[in-house]
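Open the structure in your viewer and keep the selection tool ready. Each stop below names what to select and then says what is there.

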Amino acid sequence: MKIVRFTASGRRHYGILKGDKVQLISGNPFGGIKLLEDAFKLSEVKLLAPCVPSKIAAIGINYRGHAAEFKHDLPASPLMFLKPSTAVIGPLADIVYPSISKQVDFEGEMGIVISRKARRVEPAEALDFVLGYTCFNDVTARDLQKIDGQWTRAKSFDTFAAVGPWIETELDTSALKIETRLNGEVKQSGNTRDLIFPVARLVAAVSRVMTLLPGDVIASGTPEGVGPMQPGDMVEVRIEGIGGLVNHVATEK
Ligand code: MG
């Protein structure tokens, strides 16, 4: 099932995407999904980020290839940082290139969307707290990350957390192809089988630190091949079994 969030006729809704049709659901998808009769054509709606996270817990260095390209040792436990809710954008929204950065990189990742309040969950039960999976672009001002030594400024600009296009609820994430394309050219090509810490370990580890709320997102880390974007570029994060998240890069006004 593909859960979407969208605007239609000036109102925001959650719905289920079936082919080229979006069927409304009652309320939000976090307390169980109740389909309503009303439906829209996909072409009539504007898709939004498929959830409204209170926070994004992002994981650094979770693919061996990416650790190697940045000459990092492999972490003994998941390396966590936060991206603010104000950074979130949805499909086809612009990533705004901040004037104070000279290098803004894409990082294609799988996003894990939390279904219900999770605190100190065990890996064996962790998937019960996952609503589904989405594509995520952990946009990063790489030059500022290197200058600062910690990552808040580099990772937190408005528009630096692209999420979507929907939440796929039925997905085995043990071996999914994940790609990032820049203007159609494949720049990152990885597979979730190479995650150092897979989904259940991540949900458990993050929930031991911070209570996860419905709609929160864990960005599970990026494979090797990260690189810079320029204003005017089109970037797509594509994950097997989910689909593609497309955004454009725009100059700061
Ligand atoms: Mg990342």
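**Stop 1: a nonpolar patch**

Select Met-1, Ile-33 and Leu-35. Together they make a nonpolar patch of about 220 Å² on the surface. Bear in mind that this model is predicted. Now keep Leu-35 alone. Leu-35 sits in strand 4, which runs over residues 35–41. Is Leu-35 buried, partly exposed or exposed? Its relative accessibility is 41%, so Leu-35 counts as partly exposed.

Step back along the chain to Gly-32. Gly-32 belongs to the loop between strand 3 (21–25) and strand 4. Gly-32 is partly exposed, at a relative accessible area of 44%. Add Leu-131 to the selection. Gly-32 and Leu-131 are 99 residues apart along the chain, yet their C-alpha atoms are separated by 9.9 Å.

**Stop 2: a positive patch**

Select Lys-117, Arg-119, Arg-120 and Arg-208. These residues gather on the surface in a patch of positive charge. Zoom in on Arg-208. You will find Arg-208 in the loop between helix 4 (199–207) and strand 17 (217–219). Arg-208 has a relative accessible area of 47%, so it is partly exposed.

**Stop 3: the magnesium ion**

Now select the magnesium ion. Which protein residues are its donors? They are Glu-107 (OE), Glu-109 (OE) and Asp-138 (OD), and they lie 2.0 to 2.1 Å from the ion. Look at the sequence as well. The donor residues follow the spacing E-x1-E-x28-D.

Turn on the surface and look for the donors. Glu-107 and Glu-109 are both buried. Asp-138 is buried too, because its relative accessibility is 0% and buried means under 20%.

**Stop 4: salt bridges around Asp-138**

Keep Asp-138 selected and add Lys-155. Their side chains meet in a salt bridge, with N to O at 2.8 Å. This pair links distant parts of the chain, 17 residues apart: Lys-155 is in helix 3 (residues 152–155), and Asp-138 is in strand 12 (residues 130–138). Lys-155 has a relative accessibility of 1%, so it counts as buried.

Widen the selection. Which residues are linked with Asp-138 and Lys-155 in a network of salt bridges? Add Lys-83, Asp-105, Glu-107 and Arg-142. Two names in this network, Glu-107 and Asp-138, are also donors of the magnesium ion.

Why can such side chains pair at all? Side chains of opposite charge can pair when their charged atoms come close.

**Stop 5: more salt bridges**

How many salt bridges does the structure hold? There are 12. Go to one of them by selecting Lys-2 and Glu-168. Their side chains meet in a salt bridge at 3.1 Å, N to O. Lys-2 is in strand 1 and Glu-168 is in strand 14, so the pair ties together parts that are 166 residues apart in sequence. Compare the two ends on the surface. Lys-2 is partly exposed, with a relative accessible area of 25%. Glu-168 is buried, with a relative accessible area of 6%.

Next, select Lys-187 and Glu-185. They form a salt bridge, and the closest N and O atoms are 3.6 Å apart. Lys-187 is partly exposed, at a relative accessible area of 36%. Glu-185 also counts as partly exposed, at 48% relative accessibility.

**Stop 6: the backbone**

Hide the side chains and follow the main chain. Select Gly-164 and Pro-165. A cis peptide bond joins them, and omega is about 5 degrees. Pro-165 is part of strand 14 (residues 161–168). Glu-168, from the previous stop, is in strand 14 as well.

Move to Ser-9. What is the sign of its phi? Phi is positive, about 50 degrees, although Ser-9 is not a glycine. Ser-9 is in the loop between strand 1 (2–8) and strand 2 (11–18). Its relative accessibility is 71%, so Ser-9 counts as exposed.

Finish at Lys-71. Its phi is near 55 degrees, a positive value in a residue other than glycine. Where is Lys-71 found? Look in the loop between helix 1 (64–69) and strand 7 (79–83). Lys-71 is exposed, with a relative accessible area of 76%.

Key:
Residues are numbered from 1 along each chain as its sequence is written. This is a predicted model: local features need pLDDT of at least 70, side-chain atom pairs count only at pLDDT 80 or more; totals for chains, interfaces and linings use all residues. Side-chain values use heavy atoms; hydrogens and water are left out. Patches are made of residues with over 30% relative accessible area and no salt bridge: like charges are joined within 9 Å, nonpolar side chains (Val, Leu, Ile, Met, Phe, Trp, Tyr) within 5 Å. Accessible areas come from the Shrake-Rupley method with a 1.4 Å probe; for residues, only the protein chains shown count as cover. A salt bridge is a side-chain nitrogen of Lys or Arg within 4 Å of a carboxyl oxygen of Asp or Glu. Lys and Arg count as positive and Asp and Glu as negative; His and the chain ends are not counted. The place of a charge is taken as NZ of Lys, CZ of Arg, CG of Asp or CD of Glu. Helices (H or I, at least four residues) and strands (E, at least two) are DSSP runs, numbered from the N terminus. Buried means under 20% relative accessible area, exposed over 50%, partly exposed in between (1.4 Å probe, protein chains only). Donors are N, O and S atoms within 2.8 Å of the metal (3.2 Å for Na, K and Ca); water is not among the atoms, so sites may look incomplete.
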